[in-house]
Amino acid sequence: MATERQRTAPGLLAALHQARLRWGNPLEEPALAELSAAFALPPGEIAATASFYHFFQTPPARYQIHFIDHVVDHHAGIEALCNRLCAAFAIQPGERTADAHLFVGWTACAGLSDQAPAAIVNGRPLPALTPERIDAIIDAIRAQIPVAEWPAEWFAVANPVYRRGPLLTWLHATPAAAVLEQLSAREPEAILQAVADAGLRGRGGAGFPTATKWRFCRETADPTRYLICNADEGEPGTFKDRLLLTHYPDHLFAGMTLAARAIGAQTAMLYLRYEYQYLLPKLEAARERILAAQSQLPPSERITLEIALGAGAYVCGEESALIESLEGKPGRPRVRPPFPVTSGYLGQPTVVNNVETLVAVAAIVGNGPQWWRSMGTPDSSGPKLFCVSGDVARPGLYEFPYGVALGDLITAARPLGTPYAIQVSGPSGTLLPATPEQLARPLAFEALPCNGTVMVFDERRDPVAIVRHFARFFAHESCGFCTPCRVGTQLIAKTFAKIAAGYATRFDLERLAPALEAMRLASNCGFGLSAGNPVRDLIAYFRPRLDAHLQPHDFLPAFSLDAELAATRRLTGRDDTHAHLAQFEQPEAAR
Amino acid sequence: MTATAPTTTPPRKIRIATASLAGCFGCHMSFADIDTRLLALSEWVTFDRSPLTDWKTVGECDIALIEGGVCNAENVEVLRAFRRAARILVAVGACAINGGLPAQRNHHRVEALLTHVFETDRHLAPGSRVPNDPELPLLLEHVHPIHEIVRVDYYLPGCPPTAEVIWTFLMDLLAGREPHFPYPMLRYD
């Protein structure tokens, strides 16, 4: 185990991104040979690491377009837009044109839920797509116009804020320079105490008390420590960190610096998801400003700030998987304990905090813990950013104090129809019916936990189809390390594919139940634990809607029997009645 | 020989049907390996359609023992008929349980296999073609275990299951007990 931990290759992820720019595909020679020599790892191990990440597997092409495979985008008609583009070049999604100019595929939610339907081209976002925009893109590709020369408005990501509270008001009003002043002469213990007094809890969803995590790390004997800011924001429907990264990067780097000082870390790293790489220039400039602001401090007190870019893996939002990824390995959650606060990046004590958490740290240091505590509930103190999307007139960001009723948040976003189902905290959270008693529940760790993500669905939407999208997402994003999750996520996805095909019966749900139980109890990380939540909620709250999809038969095959005969029909040239099979058995006659 | 025969005579004889789909008949042979106990069994049960009887169509029965996976259209139709007819349907042997060794053909395209054997093999007469008479059932693209086509009530593992497992299973069902297989009887090979 110790030797396994020592096998690190920090910088490999960045090198794989560079190899992609230079060679096209980091999974092939000569990129592998060069990386193998540089990192002293066998080529196969480098290829295995690269193959873990979605965006390293895209076939090289001048135009690489990934449409967003997310429920909100599907409701906004993404499939028709994808087909429109594919048809123009006579390819299927997941294929490349014969001249290797264009690749079209799918990808998970890219943090653009409020601007669906969307896509990514060569790493850059294409929000709010329309058929006309697709036609313009087709023309641009045909004319071989480089993506860098496409109209800037095609890439413009808006960050609509519909409700500002004290936090966003402070962020907006406090210039970066004022934040920088707070950096000097801050005793680590004073920072830690302020955050403890504020009662700040993690904004990444888990809600662990931030100061407690810091103290665990600070109390370790090892003097070399790391602070990592988790900007992987991969949970479908979540885009709150995008706003903070876009508009308040100085405040974020200030928060990172304060947190690093509080835990005695010398280095603070920002792990940014691949899909947000368009923000890199902005973030780089903010990083420079904060570094410059530290120059008046004695060298021993300066914090090194780094930015690392992910490569497409939702599971890398799990803190130990994120660390593995930074160490140049596949982003698979570690076997814990030891937890990262004891043994994290490069085996050193490491704290991983979400973007919103670290911005909150800057705000708490700036305004004092009492200011923070005056908002929210006693257990969930402070303001919270909520990102609302789906069937609402105003998809975007809302600041409310923790403890706001779910219904009040949704009303603020102006539902288009009558809300029918609400996904709270992304697919990992809870799917609820929009009943008065559910809408009255307060969003807080002690009541209805929420990482800020709320997706609203009205009566037009089928909860079964919604869960099918999530099931596919979990199946795709599972890291494949532990048995119940690797297999179980596939079993759920297959069950919902069977439901969609119209072949499912009650027995299929009975047979799925033990797998759900194993995933809930025996998974190695929170991903496997959560992946069964959508189907759990569907059964608990939407049983009649689910039952309406089930056939009355005792059992039906999951695949089309007649389609299975197509190959031999072709080969033998037959089309007689015996060359076909019925899917549904004839109703039983009297025997 | 731990299992015991029913202590009381059932009101009517239990009716058993058996079938081989994509099987090798080895599970039926392992059934016959209960040896002279077959004579005792014949006192307690009646056989419906089976490779061992002359019944051409399956009739209503209590137990259907199915060996073999599902590899062609006729297998599907026979399996469905047995499922409709039988109260308890049993997957016997590795092939019925998970497709068995024949499912190794799932690594290949079925057209390539048929063409290889019936057209391109160098020992064939010139002009040999893949058989295409409608009398012949068409192969499915893949071999499937029977539980992918119909509901299964019990599984008897082994390639083949031991005669002891088959005997114990039948004695349990005849006596109205829930089947129980002691560890030493279990095998998958």
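Let's start with A:R273 and A:E275, which are both buried. Their side chains meet in a salt bridge, with N and O 3.0 Å apart. Keep in mind as you look around that this is a predicted model. Elsewhere, salt bridges with shared partners tie A:K240, A:D241, A:E356 and A:K384 into one network.

How many salt bridges turn up in a search of the whole structure? There are 44 over all chains. One of them joins A:R472 to A:D69, with the closest N and O atoms 2.8 Å apart. Follow the chain between these two and you'll see that they belong to distant parts of it: A:R472 is in helix α20 (residues 463-477) of chain A, while A:D69 is in the loop between β1 and α5, 403 residues apart. Neither end of this bridge is hidden away, as A:R472 is partly exposed at 38% relative accessible area and A:D69 is partly exposed at 25%.

Now try A:R242 and A:D114, whose side chains also form a salt bridge, again 2.8 Å from N to O. A:R242 sits in helix α12 (residues 240-247) of chain A and A:D114 in the loop between β3 and β4 of chain A, so this bridge ties together parts 128 residues apart in sequence. Are its two ends buried or exposed? A:R242 is buried, at 0% relative accessibility, and A:D114 is buried too, at 10%.

That loop brings us to a sheet in chain A. Five strands line up in the order β2-β3-β1-β4-β5, making an open sheet with mixed pairing. The edges are taken by β2 (95-96) and β5 (124-126), each with a single partner strand, so one side of each has no neighbour in the sheet. Further in, β1 (residues 63-68) and β4 (residues 119-121) of chain A run antiparallel and pair over three bridges; here A:H66 stands opposite A:I120. Helix α7 (residues 131-142) of chain A packs on this sheet, touching β1, β3 and β5, and its direction makes about 165° with that of β1(A).

Chain B has some pairing to show as well. Its strand β5 (residues 86-92) is mostly covered, with six of its seven residues buried. β5(B) pairs in the parallel sense with β3 (residues 61-67) of chain B over six bridges, and B:L65 has B:V90 as its bridge partner. β5(B) also pairs with β7 (residues 154-156) of chain B, again in the parallel sense, over three bridges. In that pairing, B:A91 stands opposite B:Y155.

Next, the nonpolar interior. In soluble globular proteins, nonpolar side chains tend to be buried together. The largest nonpolar core here has 58 residues, and A:W214, A:L227, A:L245, A:L252, A:M256 and A:L270 touch the most other members. Take A:L270: leaving aside residues up to four places away in sequence, its contacts include A:L245, A:L252, A:F253, A:M256 and A:I307. A second, separate core has 33 residues, among them A:I499, A:C525, A:F527 and A:V535.

Finally, what about the cysteines? A disulfide is a covalent bond between the sulfur atoms of two cysteines. This structure holds zero of them over all chains. A:C485, for example, has its nearest cysteine sulfur, that of A:C482, 5.2 Å away, and A:C485 is buried at 6% relative accessibility. Why is there no bond for B:C27? The closest cysteine sulfur, in B:C24, is 6.2 Å from that of B:C27, which is too far for a bond. B:C27 is also buried, with a relative accessible area of 13%.

How values were computed:
Residues are numbered from 1 along each chain as its sequence is written. Chains are lettered from A and ligands numbered from 1 in the order in which they are written. This is a predicted model: local features need pLDDT of at least 70, side-chain atom pairs count only at pLDDT 80 or more; totals for chains, interfaces and linings use all residues. Side-chain values use heavy atoms; hydrogens and water are left out. A nonpolar core is a set of buried Ala, Val, Leu, Ile, Met, Phe, Trp, Tyr and Cys residues joined through side-chain atoms within 4.5 Å. Buried means under 20% relative accessible area, exposed over 50%, partly exposed in between (1.4 Å probe, protein chains only). Contact means heavy atoms within 4.5 Å. A disulfide is a pair of cysteine sulfur atoms within 2.5 Å. Helices (H or I, at least four residues) and strands (E, at least two) are DSSP runs, numbered from the N terminus. Two strands pair if DSSP finds at least two bridges between them. Axes are lines fitted to C-alpha atoms, for helices over the stretch in contact, and angles run from 0 to 180 degrees between N-to-C directions. A salt bridge is a side-chain nitrogen of Lys or Arg within 4 Å of a carboxyl oxygen of Asp or Glu.
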